[in-house]
Amino acid sequence: MEVTGKVERLREVCEEARATGDRVGFVPTMGALHEGHLSLVRRAREEASLVVLSVFVNPLQFGPKEDYRDYPRNLAADVEMAEKEGVDVVFAPDEEVMYEDEGTGIAVDPGSLGDVLEGASRPGHFRGVCTVVAKLFNMMGPCRAYFGEKDFQQLVIVRTMVRNLDFPVEVVGCPIVREQDGIAMSSRNAYLSPDERRAATCLYRALTRGSDVVAHGERDANVVKAEMARVIGAEPLARIEYVAVVDETRQFAETERIGEGSRALIAARVGTTRLIDNLRLPRP
Ligand code: AMP
């Protein structure tokens, strides 16, 4: 396995692989790897001959009051895990390499999808995500790129960006990996105290409550949202940022009636840690 921070080297390895007809698989991450990330790597390993994992904590996608400085970083552990999973190249660039001309302010506009839900709570977040992903895609060249459904809105926006801007990239969405108690794996779970960690299960409990209510015949999205909000409200350490039901097939439009392709999404703070989760609702 090779670890590099150089764009030229990354390009070279990818081009060499494609020249011999090999498929390139790409897993972009911010590091602090866990089983969720590794599930993407395993899928890439099954489907591609060259697997590239990037590790870069992208300052552009953090708001001024967010956790950019405190975000967990442990490249040595990430490299070890990547090696065990059979990654071929870890691309871990410095900030100067990624943003030497950042002062120009040129960036990728996520459009109206970037203004709702996560985008409403985190202004500028998806602009930062689209910009870094576009840069990474341009460095990688034609490839298959793996994203988790954990960040569902991000997956939808990246897919849309690839379509609208004609990136030669095939985006693959992968299911959420959860701990035994249902909590979605996240690098930010490391911030939680033991009490908060217990409380944090309320996101998944709320989603499964919503799913149960729909399975029992409820079709009114407002009723389903109220049920989910009640579960979070009953947890003293948690505070809701939003509870939403969207239509996956209609570019994230909020749904009034539960239908085919309805998905519930939650963002909540547990203590000071901001967590997100989502679940596909059962078919009516
Ligand atoms: P991050 O390092 O948080 O930027 O995540 C990198 C990629 O891993 C994104 O595509 C995430 O959606 C994905 N990911 C993070 N957590 C999980 C999880 N629990 N299950 C599946 N994918 C995940």
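Strands S2 and S5 pair in the parallel sense over 2 bridges. Gly-25 has Arg-144 of S5 as its bridge partner. The model is predicted. In it, 6 strands form an open parallel sheet, 4 strands form an open antiparallel sheet, and a search of the whole structure finds 1 cavity of 30 Å³ or more.

**Parallel sheet**

- The strand order is S1-S4-S3-S2-S5-S6, with parallel pairing.
- Strand S1 (2-4) and strand S6 (169-174) are the edge strands, and each pairs on one side only.
- On average, neighbouring strands of this sheet are turned by 25° against each other, direction ignored.
- Strand S5 (residues 143-148) is joined to S6 by 6 bridges, in the parallel sense.
- Within that pairing, Tyr-146 has Val-172 of S6 as its bridge partner.
- Helix H2 (residues 35-47) packs on the sheet and touches strand S2 (24-29), strand S3 (50-55), S5 and S6. The direction of H2 makes about 155° with that of S5.
- H6 also packs on the sheet, where it touches S2, S3, strand S4 (89-91), S5 and S6. The direction of H6 makes about 155° with that of S2.

**Strand S5**

- S5 is mostly covered, with 6 of its 6 residues buried.
- In a regular strand the side chains alternate between the two faces of the sheet.
- Cys-143, Ala-145 and Phe-147 point one way from S5, and these residues are buried.
- Arg-144, Tyr-146 and Gly-148 point the other way and are buried as well.
- Two residues of the second group take part in the bridges named above: Arg-144 is the partner of Gly-25, and Tyr-146 is the partner of Val-172.

**Val-133 in helix H6**

- Val-133 lies in helix H6 (residues 125-140).
- Val-133 counts as buried because its relative accessible area is 5%, and buried means under 20%.
- Leaving aside neighbours within four places in sequence, Val-133 is in contact with Phe-147, Val-158 and Met-161.
- Of these partners, Phe-147 is one of the buried residues of S5.
- Val-133 and Pro-28 are 105 residues apart along the chain, and their C-alpha atoms are separated by 8.0 Å.

**Antiparallel sheet**

- The second open sheet has its 4 strands in the order S8-S7-S9-S10, with antiparallel pairing.
- Its edge strands are strand S8 (253-254) and strand S10 (273-280), each of which pairs on one side only.
- Helix H9 (residues 202-215) packs on this sheet and touches S7, strand S9 (262-270) and S10. The direction of H9 makes about 25° with that of S10.
- Strand S7 (residues 238-247) and S8 run antiparallel and are joined by 2 bridges.
- Val-246 has Glu-254 of S8 as its bridge partner.

**Cavity**

- The largest cavity has a volume of about 80 Å³.
- Its lining consists of Lys-150, Ile-183, Ala-184, Ser-186, Asn-189, Ala-200, Leu-203, Tyr-204, Leu-275, Ile-276 and Asp-277.
- H9 and S10 are the elements that give two or more residues to this lining.
- S10 gives the most to the lining, with 3 residues.
- By class, the lining has 7 nonpolar, 2 polar and 2 charged residues.
- H9 and S10 are also in contact through the packing of H9 on the antiparallel sheet.

Note on methods
Residues are numbered from 1 along each chain as its sequence is written. This is a predicted model: local features need pLDDT of at least 70, side-chain atom pairs count only at pLDDT 80 or more; totals for chains, interfaces and linings use all residues. Side-chain values use heavy atoms; hydrogens and water are left out. Two strands pair if DSSP finds at least two bridges between them. Contact means heavy atoms within 4.5 Å. Axes are lines fitted to C-alpha atoms, for helices over the stretch in contact, and angles run from 0 to 180 degrees between N-to-C directions. On a 1 Å grid over the protein atoms alone, a cavity is a set of points where a 1.4 Å probe fits but cannot get out, and a pocket is an open set with protein on both sides within 12 Å along at least five of seven lines; lining residues have an atom within 4 Å of a point. Grid points are joined across faces, edges and corners, and a volume is the space filled by probe spheres set on the points. Ala, Val, Leu, Ile, Met, Phe, Trp, Tyr, Cys and Pro count as nonpolar, Asp, Glu, Lys and Arg as charged, and the others, Gly among them, as polar. Buried means under 20% relative accessible area, exposed over 50%, partly exposed in between (1.4 Å probe, protein chains only).
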